[in-house]
Amino acid sequence: MNIESKRRLTLGLMYFIIGLFLIYIFVMFLLNGVEQAPMVKGKMKDHHFSLTGWKWFFYPHILLGTISLAIGPFQLTKKSQQNPRLHKMLGKIYAVAIFINILMVPYLSLSATGGIGTTIAFLVLNLLWLWTTSMGVIRATQRKIKAHKEWILRSYAITWVFVTFRIVVIPFSLFLDSSLAFPIAVYLGIGINLLFIEWRNRKNKKYPKVQVRTTTKPVV
């Protein structure tokens with residue numbers, strides 16, 4: 001299998017997983033109403049929890065997160081990279097969606113399932129999201145393309161925790177209380193995703209691709 005075939009397979013697999021994630025979100029939170037979701041029922045036991053206020057933050061959080069997830073793989077395709085205007089526009093949408101989302105996470109984290117441990121874990125995730133995305137944007141404005149790509153990949157690795165967390169938390173929830181299962185799943189999601197990206201970045205440095213002249217501009 002050549003490099004292009006592997007890339008198409010990888011992108012196809014990523015969009016397949018994103019599709020499954022969207023189905024999960026639709027079934028869990030939209031089909032029967034968010035009030036019926038087990039996670040939300042647990043929150044409603046807290047007298048200080050405001051479902052109405054939570055919805056105002058949760059729905060945009062999910063929408064913006066999904067937009068960021070969907071844009072990422074396409075930005076790796078030749079169709080995007082050979083169209084500088086499209087590449088830059090989508091990059092801006094990606095970054096803006098994340099920066100708006102970052103503002104919503106602290107409120108949502110206060111009522112996170114699993115208590116204070118999960119709250120802290122999501123705030124750590126949020127800080128990493130802000131750091132990696134900001135560095136990607138800064139390197140883009142500086143026209144440091146290589147560094148920009150590396151930081152944007154780290155940013156997308158953090159974005160992908162949306163998916164990784166929901167996969168990892170399942171086995172831990174079977175034998176651990178949510179106060180342990182949820183924060184562990186968050187940290188594992190962060191670790192798995194970032195380690196993979198760092199391995200990929202090191203591999204690219206060790207075995208650089210043939211340089212081809214291109215007019216592709218930075219993502220943002």
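At 12% relative accessibility, I152 counts as buried, and that residue is a handy way into this predicted model. I152 sits in helix α7, the same helix that holds R154, one half of the salt bridge between E198 and R154. From there, we'll look at the nonpolar core, the aromatic rings, a greasy strip of surface and a loop residue with a positive phi.

**Around I152**

- Set aside the neighbours within four places in sequence, and I152 is in contact with Y94 and G136.
- D46 is another story: I152 and D46 are 106 residues apart in sequence, and their C-alpha atoms are 38 Å apart in space.

**The salt bridge**

- How many salt bridges does the structure hold? There is 1.
- E198 pairs with R154, and the closest N and O atoms of the two are 2.5 Å apart.
- E198 belongs to helix α9 (residues 178–206) and R154 to helix α7 (residues 145–159), so the pair ties together parts that are 44 residues apart in sequence.
- In general terms, side chains of opposite charge can pair when their charged atoms come close.
- Are the two partners buried or exposed? R154 counts as buried, at 14% relative accessibility, whereas E198 is partly exposed at 27%.

**The nonpolar core**

- The largest nonpolar core has 41 residues, and W54 and L69 are the ones that touch the most other members.
- Helices giving two or more residues to this core are α1 (3–31), α3 (51–75), α5 (84–110), α6 (116–141), α7, α8 (161–175) and α9.
- Which element gives the most? That is α8, with 7 residues.
- As background, nonpolar side chains tend to be buried together in soluble globular proteins.
- L69 touches I18, F21, Y156, T159, W160, F162 and V163, leaving out residues up to four places away in sequence.

**Aromatic rings**

- The structure holds 15 aromatic pairs.
- One of them is W54 with F58, a stacked pair with 4.3 Å centre to centre and 15 degrees between the planes.
- W54 and F58 are 4 residues apart in helix α3, so about one helical turn separates them.
- Both W54 and F58 are buried.
- F196 and W199 also make an aromatic pair, this one tilted, with 5.7 Å centre to centre and 35 degrees between the planes.
- Why do F196 and W199 count as about one helical turn apart? Because they are 3 residues apart in helix α9.
- F196 is partly exposed at 47% relative accessibility, and W199 is partly exposed too, at 49%.
- Ring pairs also link Y24, F29, F49, W54, F58 and Y59 into a cluster, so you meet W54 and F58 again here, having seen them as a stacked pair.

**Nonpolar surface**

- Which residues make the nonpolar surface patch of about 870 Å²? They are L13, F16, L20, I23, F26, V27, L30, L31 and Y59.
- Helix α1 supplies the largest share of the patch, 8 residues.
- V27, one of the patch residues, is found in helix α1 and counts as partly exposed at 42% relative accessibility.
- Y59 turns up in two places: it is part of the surface patch and also belongs to the ring cluster.

**L188 in helix α9**

- L188 lies in helix α9, the helix that also holds E198 of the salt bridge.
- With a relative accessible area of 34%, L188 is partly exposed.
- Not counting residues up to four places away in sequence, L188 touches V168 and F172.
- L188 and T164 are 24 residues apart along the chain, with 8.5 Å between their C-alpha atoms.

**A loop residue to look at**

- Where is R143? R143 is in the loop between α6 and α7.
- Phi of R143 is near 60 degrees, a positive value in a residue other than glycine.
- R143 is exposed, with a relative accessible area of 52%.

Key:
Residues are numbered from 1 along each chain as its sequence is written. This is a predicted model: local features need pLDDT of at least 70, side-chain atom pairs count only at pLDDT 80 or more; totals for chains, interfaces and linings use all residues. Side-chain values use heavy atoms; hydrogens and water are left out. A salt bridge is a side-chain nitrogen of Lys or Arg within 4 Å of a carboxyl oxygen of Asp or Glu. Buried means under 20% relative accessible area, exposed over 50%, partly exposed in between (1.4 Å probe, protein chains only). A nonpolar core is a set of buried Ala, Val, Leu, Ile, Met, Phe, Trp, Tyr and Cys residues joined through side-chain atoms within 4.5 Å. Contact means heavy atoms within 4.5 Å. Patches are made of residues with over 30% relative accessible area and no salt bridge: like charges are joined within 9 Å, nonpolar side chains (Val, Leu, Ile, Met, Phe, Trp, Tyr) within 5 Å. Accessible areas come from the Shrake-Rupley method with a 1.4 Å probe; for residues, only the protein chains shown count as cover. Rings of Phe, Tyr and Trp (its six-membered ring) pair if their centres lie within 6.5 Å; planes under 30 degrees apart count as stacked, over 60 as edge-to-face and the rest as tilted.
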